[in-house]
Amino acid sequence: MKKIKFGTIARYTLLAIGGIIMIFPFIWMLISSLKTWAECGSMPPTWWPKDPTFENYVYAFKTAPFLKYFRNSLIVTVVCTSITMINTILCAFTFSRLKFPGRDLIFSIMVSLMMIPYEMLIITNYTTIVKLKLYDTLAALIIPFTSSIFYTYILRNFFLSIPDSLYYSARIDGASNWQYLWEVMVPIAKPSLVTIGLLNALTCWNSFMWSILVVGSVENRTLPFGLFAFTDQAGVRFERLMAGSSIVVIPVIILFLFCRKQIVTGVSKGGLKG
Amino acid sequence: MAVREKKVRKYKDSDEKITARSLITPFVFSLPFMIGLLIFTVYPFIRAVLLSFMEDYRFLSGKFSGYGLGNYTAIFSDPNFINALKSTTKYVLIVVPTSLVISILVAVGLNNVKKLQGLFQTAYFLPMVTSATAVGMIFRWLYDYDYGLFNYFIGFLGIDKIHWLADVKYTMASICIYGIWSMLPFTIILLLAGLQNIDPIYYTAARADGAKSKDIFFNITIPLLAPTIILTSIVNVMSAFKVYDSLFVLYGAKPGPAFNLYTVIYYLYDQFWNKNKLGYAAASAMILFVIIALFTLLQNLITRKTNYYN
């Protein structure tokens, strides 16, 4: 009896230590962001700011247009996620409920396209964006990412699990495909849709490399790009950089605290199918 | 009831028939998706394949002298590309197994914990959703020579301060520490899901036979978790092969302090963006694609063989 108890305590202790190591970088980010320059550059480090200050945040918002970056990130995330959701719903419906010749063949070709590494596509996508006159616009950050095969794949699987009889009875009652999709299927698939939406929103919010390629002006930078550029403005002043990082990370942390279950389910369901 | 069933069958029959109308609906419904897919995935993929075989491609005029293997021979004789392949492989070989072992231990721990599940999960999974740019900044701060916490902690062990990001000897180590840390959440989630799929009856039976925890772990948990472990590793190998963002932020857009840490994607971006050598970029992209494709095939094979989703 005693032995089991010891094992349990050891397990909890080890897990707690591991957990602290995992989130420690974020805790350290927040603590550092509240320190003064002198305190941040002192050895040994202090584990709590002597007199916490928001000076670094004020500096960040003053020197770099973080509010503008924030707004841009929000627009890109919301618009991209909305369009992606509509596209995904319509496409998943097409390839699950509707019947037409070659359906499964086309879908399996689409699934095989998933293995193309995204980096392979940027060479041409950059030129396409320039040709479409979308260079240095927020649309350039949205349009290339609205057709996700991966999300369609997940949603299609869910749609396939909805019994056919529901469809036929709705059709007999006079519902069109369109009505059936939005009034029956979408409400049933709500949990899957929430998960897909969250995963997509996180990807949009954190997207970085593509924006460096297609955004030229300060005006159209999103948060990650803005933060990266902030290194030049803040110099080697880590308390300022940590304030900048906090601005990018805090919204995501809040989202994660509220929607952890949906996000984790999404990852565990879709993670191995990529 | 009988009448209704008849109606259903009748509807079904007419539905299966291909009419002009039954073709228009799928076309219209999937049109917005397909336009995006064709313009931003299919077309650039085909063009990248073609580009990789075009000799002397000119970025501005779009002219080229013919098709051949010139780009491939060129990148394979470029020391930077060889360096990229080597360091990427090294990175994959260090990061994937290490994070796998840690993740198995954590996942088994989390699976056996009844209280504080939510708190633990939040701590372990949070790094997965945070921006690579912000995390890169944080690691730059942790790796700082004078005031970084890494040097502060190794000071307790009696080790001299290390130039984590500036000394060529330690750059691989610093990128791997970051890599392992950021790979853990995803890996733990997948393994935990795998563990939860194991029928508890095995454990009950083993305990009834008086098996020790160690034996249960090695003779029940690991064998039953094996398909998940293999599939997770494959997915991780593919994602580790694409390592790039973290490097870019840690070294301020340079491939390591002395251009010593090229990775395949870094090389690709470098050729495309800085040197305007689209042919080289496309050829290195093709190499990456072939590697990823091989691992995807392996993944599909194992999924089918182990009947993973049933």
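## Chains A and B: a first look

In chain A, confidence bottoms out in helix α2 (residues 37–40) of chain A, with a mean of 83, and is highest in α4(A), at 95. Those are confidence scores because this is a predicted model. Over chain A as a whole, the mean pLDDT is 89, and 98% of its residues reach 70 or more.

Let's turn to where the two chains meet. On this boundary, 70 residues of chain A are in contact with 78 residues of chain B. Which elements of chain A give two or more residues to the side that touches chain B? They are α1, α4 (66–94), α6 (118–131), α9 (164–172), α11 (190–206), α13 (223–234) and α14 of chain A. The biggest giver is α14(A), with 15 residues. Sorted by character, the residues on this side of chain A come out as 47 nonpolar, 18 polar and five charged.

Now zoom in on one pair of helices. Helix α14 (residues 238–270) of chain A and helix α8 (residues 168–196) of chain B have axes that come within 9 Å and cross at roughly 75°. An angle from 65 to 115 degrees counts as roughly perpendicular, so that is how α14(A) sits relative to α8(B). From α14(A), the residues making the contact are V264(A), V267(A) and S268(A), while α8(B) brings F186(B), I189(B), L190(B) and A193(B). Six residues of this contact are nonpolar, one is polar and none is charged.

Another residue of chain A worth a visit is M22(A). You'll find M22(A) in helix α1 (residues 2–33) of chain A. Is M22(A) buried or exposed? M22(A) has 21 C-beta neighbours inside 10 Å, and 20 or more is what it takes to be buried, so M22(A) counts as buried. Once you leave aside its neighbours within four places in sequence, M22(A) is in contact with A123(B), Y124(B), P127(B) and L184(B). As for I250(A), it is 228 residues away from M22(A) along the chain, and the C-alpha atoms of the two are separated by 16 Å.

Next, chain B on its own. Chain B has 13 helices and two strands. Its radius of gyration is 26 Å, well over the 19 Å that the globule rule gives for 310 residues, so chain B is more spread out than a compact globule. Along the principal axes, the C-alpha atoms of chain B fill a box of roughly 85 × 75 × 30 Å. Buried residues make up 40% of the 310 residues in chain B. Of the contacts in chain B with a separation of 6 or more, 69% are between residues 24 or more positions apart.

Finally, a look at two backbone angles in chain B. Most residues other than glycine have a negative phi. L116(B) has a positive phi although it is not a glycine, and N276(B) likewise has a positive phi without being a glycine. Here they are together:

| Residue | Phi | Loop of chain B | C-beta neighbours within 10 Å |
|---|---|---|---|
| L116(B) | about 65° | between α4 (79–111) and α5 (117–129) | 15 |
| N276(B) | about 55° | between α12 (264–274) and α13 (278–305) | 13 |

With 15 other C-beta atoms within 10 Å, L116(B) is partly exposed. N276(B), with 13 C-beta neighbours inside 10 Å, counts as partly exposed too.

Technical notes: Residues numbered from 1 in each chain as written. Chains lettered and ligands numbered in written order. Predicted model: local features only at pLDDT ≥ 70, side-chain atom pairs only at ≥ 80, totals over all residues. Helix = DSSP H or I, 4+ residues; strand = E, 2+ residues; numbered from the N terminus. Buried ≥ 20, exposed ≤ 12 C-beta atoms within 10 Å, placed from the backbone. Contact = placed C-beta atoms within 7 Å. Axes fitted to C-alpha atoms, helices over the stretch in contact; angles between N-to-C directions. Parallel < 35°, antiparallel > 145°, perpendicular 65-115°, else oblique. Nonpolar A, V, L, I, M, F, W, Y, C, P; charged D, E, K, R; others polar. Rg over C-alpha atoms; globule rule 2.2 N^0.38 Å. pLDDT = per-residue confidence, 0-100.
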